[in-house]
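Dear colleague,

I am handing over the two-chain model we spoke about, with the sequence and coordinates placed just below. My notes on what was found in it follow.

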Amino acid sequence: MKTPREIILERHQSAEAKLAEIRQEDLAASVRQSPNGCPEETVAAMVVLKFWRESIWPFRRGWLGLTAVWIVIAAANFNTRETRSTRAATQPNQAVLAALQDQRRLMVQLLESAVPTPASSPKPPGPRSEREPERFRKAATDKSTACTERTGAFSLSS
Amino acid sequence: MLVVAEHEQLPVREARAGEPEAWGILLARFRLPLYAYVYELVHQEQTSLDIVQESFINAARHIAGLQRDEKFGSWLFNIAHQKCIQHWRKQHPEEIAIDPQDDDFADAGFGPQELLIRKEQEAEFMKLLDQLTVPHRAVLLLHFVEDFSLEEIASITRAQIGTVKSRLHYARKALRKLFEENET
């Protein structure tokens, strides 16, 4: 007793030899050649290649010109920096030294003229005898105003 | 004995990465069932071999578009089925006519593993397969050979699930009738 699957497959078993001619290497190569079926690792490479084909290669002369200009600018910049640094290292500039000395002298003069004057001391308080009457005077005026208010209140209530 | 594993692990991801060994495994797993399916539909050896080869090459070219790895089998059969349709359109356009048996049905048949055929019935079984119309034969072969679900068969044959059910029912009924006649 067999299942339908077994019967159907056994009927075509003789075709196995011919089917074996389909090579796994060819299929794997088809995957790699297909733009849709690229392995994940090569996707980045494909993007770079696409960028190269669409953005760099059609404008290659312009890009080359720009590159040449940048190389010249970079070389000039490098050369000038090198000469400046070597010159500075070999000869100390006398004018700069003189200017520095002048500035230092000026600074010393300024510091000397700007010596702070001592702060004015607070006025010492007067004798107590002079201060007393003033306090009493104030207290007296406060009392008189309180009395007038009170009498007013009584008169209203009565 | 050949048995279809229910949840077999196929190296689809590796195949997508272009590994030849993975394609070797997929070839060994599917080339004979696919050939059997195609041959039973077109009945020409060389055409069947060509369709199987072209299906695998197409699968390799478009495997990046396959979203669910576990559907590789039904996807591959779908490619082959479309190639068979292209072949029929060239050879026998009248054969893929509208199916008259597309009625709804109550499933009372047998599964692909439940049906066991005696040796003396094998020839009748194959003869019966040949007698079925192409749409019925396709559905029954997909059911028997790979035990595809109704949804998978519907996607392979690009038919409605109701139509697939109906065709399967009709094909099973015809098969049962044959076995009953033989037994009496």
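**What was found**

The secondary structure of chain B comes to eight helices and zero strands, so that from the N terminus on its elements read α-α-α-α-α-α-α-α. Please keep in mind throughout that this is a predicted model. Chain A, for its part, has seven helices and zero strands, in the pattern α-α-α-α-α-α-α along its sequence.

The two chains are covered to differing degrees: of the 184 residues in chain B, 52% are buried, whereas buried residues make up 13% of the 158 residues in chain A. Chain B exposes about 9,300 Å², with carbon and sulfur atoms supplying 47% of that area, while the accessible surface of chain A comes to about 13,600 Å², 62% of which belongs to carbon and sulfur atoms. Within chain B, if one takes the contacts between residues at least 6 apart in sequence, 70% of them join residues at least 24 apart.

**Where the chains meet**

The size of an interface is often given as the accessible area lost when the parts come together. Here chain B and chain A bury about 3,600 Å² between them, and 69% of this lies on carbon and sulfur atoms. The contact takes 49 residues from chain B and 31 residues from chain A, and five salt bridges are counted between the two chains. One of the salt bridges joins B:Glu122 to A:Lys2, with the closest N and O atoms 3.6 Å apart.

**The core and helix α5 of chain B**

In the largest nonpolar core there are 66 residues, and those with the most contacts inside it include A:Ile8 from chain A as well as B:Trp23, B:Phe72 and B:Phe125 from chain B. Helix α2 of chain B (residues 20-42) gives the most to this core, with 13 residues. Leaving aside neighbours within four places in sequence, A:Ile8 is in contact with B:Ala36, B:Phe125, B:Met126, B:Leu129, B:Leu141, B:Phe144 and B:Val145.

Three of those partners, B:Phe125, B:Met126 and B:Leu129, are also among the buried residues of helix α5 of chain B (residues 122-131), together with B:Glu122 and B:Leu128. These buried residues lie on the same side of α5(B), because they cover an arc of only 155° around the axis. An α-helix has 3.6 residues a turn, so residues three or four places apart point the same way. The face of α5(B) turned away from the buried side carries the exposed residues B:Ala123, B:Lys127 and B:Gln131.

With best regards

Terms used:
Residues numbered from 1 in each chain as written. Chains lettered and ligands numbered in written order. Predicted model: local features only at pLDDT ≥ 70, side-chain atom pairs only at ≥ 80, totals over all residues. Heavy atoms only, no water. Buried < 20%, exposed > 50% of the residue type's maximum accessible area, 1.4 Å probe, protein only. Helix = DSSP H or I, 4+ residues; strand = E, 2+ residues; numbered from the N terminus. Arc of directions from axis to C-beta. Contact = heavy atoms within 4.5 Å. Areas by Shrake-Rupley, 256 points an atom, 1.4 Å probe, with all protein chains shown as cover. Core = buried A, V, L, I, M, F, W, Y, C linked by side-chain atoms within 4.5 Å. Buried area = accessible area lost by both parts, 1.4 Å probe. Salt bridge = Lys/Arg side-chain N within 4 Å of Asp/Glu carboxyl O.
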